[in-house]
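Dear colleague,

I am handing over the structure we discussed, and below it you will find my notes on what turned up when I went through it. Please read them with the model open beside you.

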Amino acid sequence: MTDEDVSVNEQEETIEQTNEDMTDEQALQAKLKESIEVTVEDLGSLRKRLTVSVPKEAIDEQLDNQYDELRNDAQVPGFRKGRAPQKLLEKRFGSEVGDQVTANLVSNSYFAAIEKESIDPLGDPLVQVKVKESDKRNKEEGKEIEKLLNVDEAIKYIDLPKDGPLSYTCELEVRPTFELPKLEKIPVKKPKLDITDEHIDEEVKRMLMLRSNYRPVEDGAVEADDILVGKSKMIVDGDVLKSEDDAQLAARDQRYDGMLLEGFGEATVGKKVGDTVSIEFTVAEDDDHVEARGKKATFELVIDDIKRLETPELDDEFLSAIGFDSEKEFRDFIKERMEVEIAQQVNRVLHSQIEQYLLDNVELELPAGVSQRQTERIVARQMMDLYSRGIAESEITKQTDELRTKAAEQAKDDLKNFFVMEKIAEEREIAVSEEELNTAISDIARQRNKRFDRVRDEIISTNHLNTLYIRLRDQKILEMLLADADVTEKEVGKKKESKEKEPKAKKKTAKKKTTKKDKGEEDND
């Protein structure tokens with residue numbers, strides 16, 4: 001045997017070993033990568049549309065594999081295991097097998113397509129499908145419309161073709177490429193913070209809010225932030241896109257089914273039970289309802305009930321219920337706790353300055369219009385931050401609605417921060433362990449006076465576990481950068497005095513564009 005023969009044998013053994021090491025999905029993706037047809041269309045900055053076509057041969061191969069497995073396992077009367085004819089299996093199990101093969105081919109062909117086209121996706125794709133919307137009031141099927149749905153939902157509307165290829169179209173966002181700035185000796189200013197009576201008042205208000213409840217408004221008009229319950233419908237071009245019999249919305253601007261209801265808060269104030277609230281707006285260009293993009297829409301709500309948040313009074317009954325003999329004792333307790341927490345507040349200011357440094361020193365292309373899904377990720381991070389700090393549920397909901405309405409203003413910076421943090425985590429190999437996650441959940445449970453298992457279940461059920469992971473990871477990154485930062489202490493009081501004595505400098509500062517870093521410092525002044 002020649003050296004060349006040995007080399008060829010070694011290569012064949014390596015290939016066989018590689019194939020053995022592959023999972024079934026990896027092997028399928030490798031096959032599909034060679035056989036599928038992919039068309040890529042740019043939809044603007046960092047957004048693409050893929051049309052993927054899976055050939056009939058690949059479909060037939062998957063069908064045969066599924067029926068072979070089914071033949072070995074299925075109990076078919078009159079036939080021993082492994083002996084049932086495929087025609088009979090197709091008749092009895094055809095629909096189930098077809099659905100399974102469709103799901104398998106769509107998900108795996110997508111991964112094969114992005115690898116074939118060297119696309120680095122951001123999050124999961126949205127698949128374009130035709131859906132018949134139902135008119136709940138008339139109990140009839142509406143017209144067929146095109147929608148963008150996540151893969152699991154979209155598969156329900158994709159049928160396996162009897163002849164020809166399996167084709168589908170999806171939209172996705174792709175990751176930007178950029179270079180990180182210097183991460184050593186980042187300049188930051190450490191503020192000196194004092195606890196004032198105003199700070200204690202705010203904390204007292206927060207603790208009262210934690211014990212607030214919504215009560216029905218028997219008679220009277222809607223006030224800002226009330227909860228409205230009633231029949232709603234979203235109308236575009238005369239067609240009802242969505243309707244609900246028991247919709248619940250707050251009396252403020254917010255998003256409903258992904259659409260921004262700007263002006264809803266103003267339109268509701270002063271209304272009473274039985275009144276109809278109606279507003280018009282323009283559907284965003286990246287909305288999941290493809291056919292409605294850029295069109296005028298109408299949202300209507302017939303008010304059936306009004307609920308208002310009632311906050312308990314800071315009286316002897318309340319103080320006794322939480323274990324205090326007097327208001328002074330309660331306020332002293334709050335001050336002691338705030339003194340412990342003040343270090344965390346200072347850290348947040350320092351972290352904000354580091355984040356701003358990263359934003360200012362990274363050149364990064366972003367989508368022209370930040371997508372709704374990215375905005376929701378940003379909102380989720382803010383919610384988790386409020387949740388972990390023990391903020392009342394009603395206040396979290398209010399701030400979340402406000403954040404959604406203003407998301408376009410700050411989404412670009414937050415999205416840029418997301419990419420930067422992700423890249424630092426990859427380069428520095430920073431991760432969060434399960435133990436660290438559980439410790440964070442325990443802290444949240446103590447803040448909210450709830451059991452650990454219930455808080456963990458709440459976080460998982462609301463799909464915020466990944467949000468918590470990213471938050472903890474980002475904190476580790478910021479602590480790492482802060483440990484090596486160039487920190488100088490800032491005398492807050494002296495800075496104010498200096499401004500008064502030097503009006504020219506003050507005038508110059510007023511012209512300067514406000515940044516997150518400046519805002520963080522001003523808030524603490």
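Rings of Phe, Tyr and Trp are counted as a pair if their centres lie within 6.5 Å. With that in mind, Tyr 256, Phe 264 and Phe 299 form one aromatic cluster. Please keep in mind that this is a predicted model.

On the aromatic residues, a search of the whole structure finds six aromatic pairs. One of them is made by Phe 418 and Phe 419, whose rings meet edge-to-face with 5.7 Å from centre to centre and 65° between the planes; Phe 418 and Phe 419 are both buried. Two lysines also come up against rings: the charged end of Lys 242 sits over the ring of Tyr 256, at 5.2 Å from its centre, and Lys 423 lies over the face of Phe 178, at 4.6 Å from the ring centre.

Turning to charged pairs, the structure holds 32 salt bridges. In one of them the side chains of Asp 120 and Arg 175 meet, with 3.6 Å from N to O. Asp 120 lies in the loop between α4 (86-116) and β3 (121-135), while Arg 175 lies in the loop between β5 (166-174) and β6 (187-191), so this pair ties together parts that are 55 residues apart in sequence. Asp 120 is partly exposed, with a relative accessible area of 45%, and Arg 175 is partly exposed as well, at 25%.

A second salt bridge joins Asp 237 and Lys 295, whose closest N and O atoms are 2.8 Å apart. Here Asp 237 belongs to the loop between β8 (227-236) and β9 (239-250) and Lys 295 to the loop between β12 (276-282) and β13 (296-310), so the pair ties together parts that are 58 residues apart in sequence. Asp 237 counts as exposed, because its relative accessibility is 55% and the cut-off for that word is over 50%; Lys 295, at 32%, is partly exposed.

Lys 450 forms a further salt bridge with Glu 458, the closest N and O atoms being 3.1 Å apart. Lys 450 is partly exposed, with a relative accessible area of 35%, and Glu 458 is partly exposed too, with 27%. Elsewhere, salt bridges that share partners join Glu 41, Arg 47, Arg 49, Glu 171, Glu 173 and Arg 293 into one network.

As for the helices, α9 (residues 327-360) has 34 residues and reaches 46 Å from its first C-alpha to its last, which is close to the 50 Å expected at 1.5 Å a residue. The same helix, α9, bends by about 40° at Val 340. In helix α14 (residues 465-483), the 19 residues should span 27 Å at 1.5 Å a residue, and the end C-alpha atoms are indeed 27 Å apart, which agrees. Several residues of α14 are buried, among them Thr 467, Leu 468, Ile 470, Arg 471, Arg 473 and Asp 474.

Finally, where does Thr 268 sit? Thr 268 is placed in helix α7 (residues 264-268), and at 0% relative accessibility this threonine counts as buried. Leaving aside neighbours within four places in sequence, Thr 268 is in contact with Val 222, Leu 228, Ala 251 and Val 277.

With best wishes

Notes: Residues numbered from 1 in each chain as written. Predicted model: local features only at pLDDT ≥ 70, side-chain atom pairs only at ≥ 80, totals over all residues. Heavy atoms only, no water. Helix = DSSP H or I, 4+ residues; strand = E, 2+ residues; numbered from the N terminus. Expected span 1.5 Å × (residues − 1). Buried < 20%, exposed > 50% of the residue type's maximum accessible area, 1.4 Å probe, protein only. Bend = angle between axes of the 7 residues up to and from the residue. Salt bridge = Lys/Arg side-chain N within 4 Å of Asp/Glu carboxyl O. Contact = heavy atoms within 4.5 Å. Phe/Tyr/Trp six-rings, centres within 6.5 Å; stacked < 30°, edge-to-face > 60°. Lys NZ or Arg CZ within 6 Å of the ring centre and 35° of its normal.
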